[in-house]
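Got your viewer open? Let's take a short walk through this one, a stop at a time.

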Amino acid sequence: MPETAESVLKEFQPTDSEKAKSAICLLKSLLDAHVSSPEHFEMEDVMAISMGAIAAGSDTTASTMHSFCWHVLANPDIHHKLTAELLNAKLSPIVQYDEGIALPYFQACLKETMRLQPALPYNITRGATVNDTVLPGSVRVGVSAWVMHRDETVFGPYSRSFRPERWLEANDGRLKKMERCMFQFGGGSHACIGRHLALFELNKVLPQIFRQYEMELISPDKPLEHFTGFFYSQKGLYVSLRMRGT
Ligand code: HEM
């Protein structure tokens, strides 16, 4: 990725080039900020923010899809229920967003994925008011979605297990509380600006894949390798795919 970022940056430099002048984009704003105040906003800052924006929009959604596939495929009962729902539903040849969000069991699997393995598990820090005390500006309070989503007082028992049913069994009061405490896209003024795009992709791509292919883990007994840097990343999801009906 650094190489790609560098080559795109070169195309935009200097910022008065024709290409840069005609562009209205994040990169141009960053380069303009650098030109107007190079000592405060260095090229390294331009690079870091550009790469952050690319990763924010791709690695997160990929991680969520990865987690979804793993949990569903590693649990044959869940896989079976999901497949039954998808095959019985009247879906367009390319699954539409409205169709995806109207599939109750699929929605439960997706929420349970984002609950158990939010793609950004690290602490999201903010200034804060705690028990009516406004903390000084230098104090940052961090909340980790990974931890918050395991709170049994909110999400019920076995909160460390993948159990989509918890979303279907919860009464209205509990469900509202669970929805309110979902923090996979952060919250407040810096909440994820790409969340609608991410949900759009997830609600189309995942039902499409599971409807279209018979899927099986190649090594069902081998746990998925994972590590947490800025994002939660996984490795080793090997799946055999076979187009249904072939
Ligand atoms: C499942 C997918 C995604 C997840 C889990 C996710 C998660 C997050 C989280 C937790 C934050 C920090 C929010 C906070 O500080 O309160 C964030 C911020 C951000 N996300 Fe996402 N994101 C996803 C997809 C996307 C996509 C598709 C894009 C862009 C196309 C995107 C762009 C951004 C940007 C630019 C920020 C910084 C917002 C700011 O600081 O004001 N994200 N995301």
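Before you click anything, here's the word we'll lean on: a residue is called buried if 20 or more other C-beta atoms lie within 10 Å of its own, and exposed if 12 or fewer do. Keep in mind, too, that this is a predicted model.

**Stop 1: the whole chain.** Show everything as a cartoon. You should find 12 helices and eight strands. The C-alpha atoms fill a box of roughly 60 × 55 × 35 Å along the principal axes. Of the 246 residues, 21% are buried. Now think about contacts between residues at least 6 apart in sequence: 61% of them join residues at least 24 apart.

**Stop 2: helix H5.** Select residues 76–88. That's H5, with 13 residues, and from first C-alpha to last it reaches 18 Å, close to the 18 Å expected at 1.5 Å a residue. Which residues of H5 are buried? Colour Ile 78, Leu 82 and Leu 86 and you have them. Look down the axis of H5: its buried residues fall within an arc of 65°, so they line one face of the helix. The spacing helps here: an α-helix has 3.6 residues a turn, so residues three or four places apart point the same way. Give another colour to Pro 76, Asp 77, His 80, Ala 84, Leu 87 and Asn 88, which are exposed on the other side of H5.

**Stop 3: what H5 leans on.** Add helix H4 (43–74), helix H7 (104–116) and helix H12 (195–212), since the buried residues of H5 pack against these helices.

**Stop 4: the core.** The largest nonpolar core has 19 residues, and Phe 68, Val 72, Leu 82, Cys 109, Leu 110 and Leu 206 have the most contacts inside it. H4, H5, H7 and H12 each give two or more residues to this core. Zoom in on Val 72: beyond its neighbours within four places in sequence, it is in contact with Ile 78, His 79, Leu 82 and Cys 109. Then swing over to a second, separate core of five residues, including Leu 120, Ala 145, Phe 183 and Tyr 232.

**Stop 5: Cys 192.** Where is Cys 192? Look in the loop between helix H11 (172–180) and H12. An unreviewed UniProt entry lists Cys 192 under "binding site". Cys 192 counts as partly exposed because it has 17 C-beta neighbours inside 10 Å. Select Phe 185 and Gly 186 as well: Cys 192 touches both, leaving out residues up to four places away in sequence.

Technical notes
Residues are numbered from 1 along each chain as its sequence is written. This is a predicted model: local features need pLDDT of at least 70, side-chain atom pairs count only at pLDDT 80 or more; totals for chains, interfaces and linings use all residues. Helices (H or I, at least four residues) and strands (E, at least two) are DSSP runs, numbered from the N terminus. The expected span of a helix is 1.5 Å times one less than its number of residues. The arc is that of the directions from the helix axis to the C-beta atoms. Two residues are in contact if their C-beta atoms, placed from the backbone, lie within 7 Å. UniProt positions are given in the numbering used here, feature names are shortened, and annotations may be inferred rather than shown by experiment. A nonpolar core is a set of buried Ala, Val, Leu, Ile, Met, Phe, Trp, Tyr and Cys residues joined through C-beta atoms within 7 Å.
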